[in-house]
Amino acid sequence: MAKDQTSKTLSRRAFVEKTALGAAGFTIVPRYVLGGPGYTAPSDKLNIAAVGVGGRGNGVIRGASGWRPVGGAKENVVALCDVDQRQAANAYKMFRKAKRYEDFRVMLEEMKDDIDAVTIATPDHTHAVIAMAAMQMGKHVYVEKPLTHSVHEARTLTEAARRYGVITQMGNQGNSGDDIRRICEWIWADLIGEVTEVHCWTNRPVWPQGLTRPTKSQAIPKDLNWDLWLGPAPERPYHETYLPFSWRGWWDFGTGALGDMACHVIDPAFEALKLGYPDSIEAQASTLYVRNWEQSRFQESPPPSTQIRYEFPARDEMPAVSLTWYDGGLMPWRPAELKEGEKMGDDAGGVLFIGSKGKLMCDTYGRNPRLLPLEKMSDLQEPTPTLERVPDQDHQKVWVEGCKTGKQPSSNFDYAGPLTETVLMGNLGIRSFFHLGEFTRNGRNQRGFTGRKKLLWDGKNMRITNFAPANQYVQRPYRKGWSLGE
């Protein structure tokens, strides 16, 4: 923050701190006194730091700050942190006054009195350590999906957010949409009856998977801090195959197609059906077109295609439900109610709810819900809205406003943490099955799928109860010098 702003009698930082704590009697000089209609007083602005500002990170900080090509940002972007200066270049041009850092720990320490909130849009494997460090310093956090890389990390961040009393949001932007709220209201109004079966699918991965580690190392680019990029992940030589985007296809850094998209795709089902921890999961994967799969066992990289079934117990008035996930080109059977030429979901995926009275389908991010057959939509009488809508359906802006008012947005960690745990349970099933030798070549069927093993899950205690070796994937070890700081 500029010195002239910090010197104001009513400091912006005091405002943010007091509103987050619900303090009474704190007054801000009205905007019309300071500068007329549309004027934003310095005391109204949030000081935001961004960690990971290339690619998606650039979009997140632009959204959170309200940046526009004409007029710039509405909030104060005070610091930008990225380990790859090549990827950060565009953000540096947009936010020229922001201080620049490579190491988020240095940034948080040096600017601890000048940062109110932090956006985190790094590869999956560093989400948790950055978010935890920021929350421990009392900073509000916005973390891209999936919230974390492991089940244990998700539980830990959820508990930490409560403990430190900060405003949180995960970057599954469909959760701020009107359509996910309509889906909830339709299901709660009994439009399709009791839902006992859900199918979720995606077009991901759109990056290579089923890989083995490169045998040759390469020179580290001069603008990349490779050691910081690795963060808590095991040390390995640099290779261009890992970044800037294909890290999603490596277990040490990413969480595959499931981690990338399930926080978007499963979200409507998780919220509308009030899902919690699953009782069990079953995972199977295609091994077609994968070289030396018996030797690799997908230890380095997720399979090209997976199918995962979650079983959830009954919840209050809702019955038990089975939810099946498909990726890598796999799809559920086409519902009979869809006519020829009518599309299942959209190009990126979709969700199909099967109820005792009918079916409901939506696109990725919960968009465009419709009853099946589609003719039913012409006679649909929308239930009376019961859920509060997000202004402009703006996922980043509602978090910023929450940082100022103390109101948690809808995908805060109390919601996003359990959702992420459920998503990552699928990867736990995949990794357990392959890495621990629970398959044989004879277990493959003619389509190239492996057999599968049902894992029973004790969600409260984060523990597989019927196959102890699988529990090694609940919590991952960190490289020396890194800690979650619990």
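This briefing describes the overall make-up of one protein model, then one of its sheets and one of its buried residues. The model is predicted, and the protein in it contains 15 helices and 15 strands. Of its 486 residues, 57% count as buried.

**The protein as a whole**
- When contacts with a separation of 6 or more are considered, 73% of them join residues that stand 24 or more positions apart in the protein.
- The area that the protein exposes comes to about 21,100 Å², and carbon and sulfur atoms supply 49% of that area.

**An open sheet of six strands**
- Six strands form an open sheet with parallel pairing, and their order across the sheet is 3-2-1-4-5-6.
- Strand 3 (99-101) and strand 6 (168-171) are the edge strands, each of which pairs on one side only, and the twist from one strand to the next averages 20 degrees.
- Strand 5, made of residues 140-144, pairs with strand 6 in the parallel sense over four bridges, and glutamate 144 stands opposite glycine 171 in strand 6.
- Helix 7 (residues 127-136) lies across strand 1 (47-51), strand 4 (117-120), strand 5 and strand 6, and it runs at about 170 degrees to strand 5.

**Glutamate 282**
- Glutamate 282 is found in strand 8, which covers residues 280-286.
- Glutamate 282 counts as buried because its relative accessibility is 11%, and the cut-off for buried is under 20%.
- The side chain of glutamate 282 also makes a polar contact, at 2.6 Å, with the side chain of arginine 309.

Note on methods. Residues are numbered from 1 along each chain as its sequence is written. This is a predicted model: local features need pLDDT of at least 70, side-chain atom pairs count only at pLDDT 80 or more; totals for chains, interfaces and linings use all residues. Side-chain values use heavy atoms; hydrogens and water are left out. Helices (H or I, at least four residues) and strands (E, at least two) are DSSP runs, numbered from the N terminus. Buried means under 20% relative accessible area, exposed over 50%, partly exposed in between (1.4 Å probe, protein chains only). Contact means heavy atoms within 4.5 Å. Accessible areas come from the Shrake-Rupley method with a 1.4 Å probe; for residues, only the protein chains shown count as cover. A polar contact is a pair of N or O atoms within 3.5 Å; within protein, one must be able to donate a hydrogen and the other to accept it, and residues adjacent in sequence count only if both atoms are side-chain atoms. Two strands pair if DSSP finds at least two bridges between them. Axes are lines fitted to C-alpha atoms, for helices over the stretch in contact, and angles run from 0 to 180 degrees between N-to-C directions.
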